[in-house]
Amino acid sequence: MTSLLMIVLTAALINNVVLNQFLGLCSFLGVSKATKTAASLGGAVIFVVTVASGVANLLYTFVLEPLALEYLQTIVFILVIAALVQVVEMFLKNSAPALHAALGIYLPLITTNCCVLGVALTNVTNEYGFFESILAGFGTAVGYTIAIVLMAGIRERVEENEYIPQCFKGAPVVLLIAALMAIAFAGFANLNV
Amino acid sequence: MNKYTERIHNGIVTENPTFIMMLGMCPTFAVTTSAINGFGMGVSTLVVLILANWMISLVRKVIPDQVRLPAYIVIVASLVTVVQLLIQAYIPFLYDALGIYIPLIVVNCIILGRAEAYASKNPPVLSIFDGLGMGLGFTIALTLIGLVREVLGNGTAFGVQVMPPFYQPIGIIVKAPGAFLILALIIAIMNAAHVETHANEKVEGCDGCCATCAQSSGCVSPEKKEGDKV
């Protein structure tokens, strides 16, 4: 039990996917202008990454490993993720229109979000089982959501600030915020569960 | 300057993928802890980029328009797997240093971006030169950032001690926060020098990533977006 909790905490805080592993940076920098959209994207990422981790693990254990095709993992995973996002989108559209409207345009964006493929590959490297993979995927995506919502909250306040030097406006100040957040998250490295 | 050297100049200077276009930021942040790691990542991406551009250009008239992105992804993923296995076999120290970021070359925006914006519309040889130019631009940028971070954070350049013995290395520069810090300073300096970059014009909902954009219905059409950039 403790080890499972540790997997989630490590993935979410200690080894934060954005601030420590630099995965999913495109959307972290691009879609963090408002907390509401950031939270919607976070929700979509949690959903897709959790499901993708489970599916990738099943495929690896029951198809790639028995056939000794482990070297095809990158190709198989990226195709599975792309297909999965399509299926999830169609499923949500029909069965949960409200959720689909909320996640809307963010679902297709997730295919090329490198944190989905990153988690699937890391799970294989760490030799996680099915439940561990799902938990690691869930934890990673929660870490992503925490980071992007915090970033959006800070940006909403900072962008109003007129004391920022002209050349630091826009991308540089966002990167500086990210640097400070990364320093803060480094504090979790000493967390003992 | 003929059209082939123009492609190389375009990749290294006019449309430098890192400094001007701000594409492929994940590997740029993650692997530039030392000059040699940045260089290794740059060359790996360069090889994939040239081969992907060449192959996609060869099959550009055969692939139906609706399935072109999945087809590109399969081609790129296969090439990345080949490069990954070659690095694992012949340059094991680089394989250990770059780790998960080698397979993640698949989702590097630069590669799908060039496939969509250039190789799918131009003949093979020109596409090879386009890949070469972009790859060189990326390699130079990653090596430079890696060099700055290594010198400041470790006092060495390509593993050789360059700073005087009394220099106290700033450890945080080679850790995660340092990557954000150095990039922030580089873009701020470029802003101050009035170099036109794409850093400040990311569209909401679209993360400035061509591949992402091409798949997203909520964004302007990829042709239109690319047309603005090229």
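Where does F22(A) lie? I looked this residue up first in the predicted model. I found F22(A) in the loop between helix 1 (2-14) and helix 2 (25-30) of chain A.

**Entry: backbone of F22(A) and F158(B)**

I noted that F22(A) is not a glycine, although its phi is positive, at about 60°. I then looked up its accessibility. The relative accessible area of F22(A) is 5%, so under the cut-off of 20% the residue counts as buried.

I recorded a positive phi in chain B as well: that of F158(B) is near 50°, and this residue, too, is other than glycine. I located F158(B) in the loop between strand 1 (156-157) and strand 2 (160-161) of chain B. Its relative accessibility is 45%, and F158(B) is therefore entered as partly exposed.

**Entry: confidence in chain A**

I checked how far chain A can be read. The mean pLDDT of chain A is 85, and 93% of its residues reach at least 70. Within chain A, I found the highest confidence in helix 8 (residues 130-158), with a mean of 92. The lowest belongs to helix 6 (residues 106-109) of chain A, with a mean of 69. I keep a caution here: predicted coordinates should not be read in detail where pLDDT is low.

**Entry: N57(A)**

Is N57(A) buried or exposed? I first placed N57(A) in helix 3 (residues 35-64) of chain A. With a relative accessible area of 11%, N57(A) is buried. I then listed its contacts, leaving out residues up to four places away in sequence: N57(A) touches Y128(A), G129(A), F130(A) and S133(A).

**Entry: helix 4 against helix 7 in chain A**

I examined the packing of helix 4 (residues 73-95) of chain A on helix 7 (residues 114-125) of chain A. Their axes are 10 Å apart, at an angle of about 135°. The two helices are therefore oblique to each other. I entered the crossing of helix 4 and helix 7 of chain A as right-handed.

Which residues of helix 4 of chain A meet helix 7 of chain A? I found Q73(A), T74(A), F77(A), I78(A) and I81(A) on the side of helix 4. Helix 7 of chain A contributes V116(A), L117(A), A120(A), L121(A) and V124(A). Sorted by class, this contact holds eight nonpolar residues, two polar ones and no charged ones.

**Entry: helix 9 of chain A against helix 8 of chain B**

I turned to a pair of helices from two chains. Helix 9 (residues 171-186) of chain A and helix 8 (residues 176-192) of chain B have axes that come within 8 Å and cross at roughly 165°. This makes the two helices roughly antiparallel. I noted their crossing as left-handed.

On the chain A side, I listed A171(A), P172(A), L175(A), L176(A), A178(A), A179(A), A182(A) and I183(A) in the contact. From helix 8 of chain B come P177(B), F180(B), L181(B), L183(B), A184(B), I187(B), A188(B) and N191(B). By class I entered 15 nonpolar residues, one polar residue and no charged residues for the contact of these two helices.

**Entry: chain B as a whole**

How many helices and strands are there in chain B? I counted 10 helices and two strands. Their order from the N terminus is α-α-α-α-α-α-α-β-β-α-α-α. Chain B has 230 residues, of which 56% count as buried. I also looked up its contacts with a separation of 6 or more: residues 24 or more positions apart account for 72% of them.

How values were computed
Residues numbered from 1 in each chain as written. Chains lettered and ligands numbered in written order. Predicted model: local features only at pLDDT ≥ 70, side-chain atom pairs only at ≥ 80, totals over all residues. Heavy atoms only, no water. Axes fitted to C-alpha atoms, helices over the stretch in contact; angles between N-to-C directions. Helix = DSSP H or I, 4+ residues; strand = E, 2+ residues; numbered from the N terminus. Parallel < 35°, antiparallel > 145°, perpendicular 65-115°, else oblique. Left-handed = near helix turned anticlockwise from the far one by under 90°. Contact = heavy atoms within 4.5 Å. Nonpolar A, V, L, I, M, F, W, Y, C, P; charged D, E, K, R; others polar. pLDDT = per-residue confidence, 0-100. Buried < 20%, exposed > 50% of the residue type's maximum accessible area, 1.4 Å probe, protein only.
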